[in-house]
Amino acid sequence: MEGVLAGLGIAVPVGAIAVLIVDLAMRRGFARAFPAAIGAATADLTYAAVAALAGIAVASALAPYQRRIQLASAALLGGIVAYRMARLFQAREDAPTDPTGDGPLATYAGFLALTLVNPLTVTYFAALILGLGDDALGSGADKALFVVGAFVASAGWQMVLAGAGAVLHRRLPARARLATALLGNVLIAALALRLALGA
């Protein structure tokens, strides 16, 4: 149960990855957003495993580099926004707006990498393990269940996002999809600015 709550806790808050998945599904459909959703969930699984095995030690080791990680994340998100905006203003209406290539494997790998650069995720899971106490995940089975639960919950939520975007893909006219893509870029740019300022 703790793993399920952990997966939802990190996946549900709307951030850059959620915006990218919804936008990708709106513009390219569910089949294209599916590997993106699994890539994001795999990153959450990775962080859940690290937190379950190492806990606060990982967060403590990364603490001196937190500012550098924030700046690197801000630069990456800024680059994504620049790329997406350039593609949006191209003449072709069907131009892809995801930053990860055209194949399912490239999309999966791209969203896995993008989610892994989130500087808050390791700290989130480490703090969660600390809050659960020493006995909560004492056995290997408990840790495995925690990690699997986090992955299943995260993947389920990412699929909800992809499904919602796919529904809009079929119902929104091209101009409305363009407007939502622009709004998504603004949200991602705001997150990049926040990271850059250390807010």
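Which residues is Leu 77 in contact with, leaving aside its neighbours within four places in sequence? I took this up as the opening entry, keeping in mind that the model is predicted.

**Entry on Leu 77.** I placed Leu 77 in helix H5, and I then listed its contacts beyond the neighbours within four places in sequence, which are Ala 16, Ile 188, Leu 191, Ala 192 and Leu 195. For one of these partners, Leu 191, I looked up the backbone separation, and the C-alpha atoms of Leu 77 and Leu 191 are separated by 8.0 Å although the two residues are 114 residues apart along the chain. I noted the relative accessible area of Leu 77 as 8%, and because buried is taken as under 20%, Leu 77 counts as buried.

**Entry on the nonpolar cores.** I next turned to the largest nonpolar core, which has 22 residues, and found Leu 77 among those with the most contacts inside it, together with Ile 17, Leu 20, Ile 21, Phe 111 and Ile 188. The elements that give two or more residues to this core are H2, H3, H5, H6, H8 and helix H9, the last covering residues 174-197. Of these, H2 gives the most, with 8 residues. I also recorded a second, separate core of 5 residues, including Ala 48, Ala 52, Phe 146 and Ala 150.

**Entry on Ile 17.** Setting aside residues up to four places away in sequence, I found that Ile 17 touches Ala 40, Phe 111, Leu 114 and Thr 115. Phe 111, Leu 114 and Thr 115 are listed among the buried residues of H6, and I therefore went on to that helix.

**Entry on helix H6.** I checked the length of H6, residues 104-116, against expectation: at 1.5 Å a residue its 13 residues should span 18 Å, and its end C-alpha atoms are 18 Å apart, so the two agree. Its buried residues are Thr 107, Gly 110, Phe 111, Leu 112, Leu 114 and Thr 115. When I asked what covers these buried residues, I found that the cover includes helix H2 (16-28), helix H3 (30-54) and helix H5 (66-88).

**Entry on Ala 162.** I ended with Ala 162, which lies in helix H8, residues 140-171. Its relative accessible area is 0%, so Ala 162 is buried. Beyond the neighbours within four places in sequence, Ala 162 is in contact with Ile 21, Ala 25, Phe 30 and Ala 33. I also looked up the pair Ala 162 and Ala 31, whose C-alpha atoms are separated by 8.9 Å, the two residues being 131 residues apart along the chain.

How values were computed. Residues numbered from 1 in each chain as written. Predicted model: local features only at pLDDT ≥ 70, side-chain atom pairs only at ≥ 80, totals over all residues. Heavy atoms only, no water. Helix = DSSP H or I, 4+ residues; strand = E, 2+ residues; numbered from the N terminus. Expected span 1.5 Å × (residues − 1). Buried < 20%, exposed > 50% of the residue type's maximum accessible area, 1.4 Å probe, protein only. Contact = heavy atoms within 4.5 Å. Core = buried A, V, L, I, M, F, W, Y, C linked by side-chain atoms within 4.5 Å.
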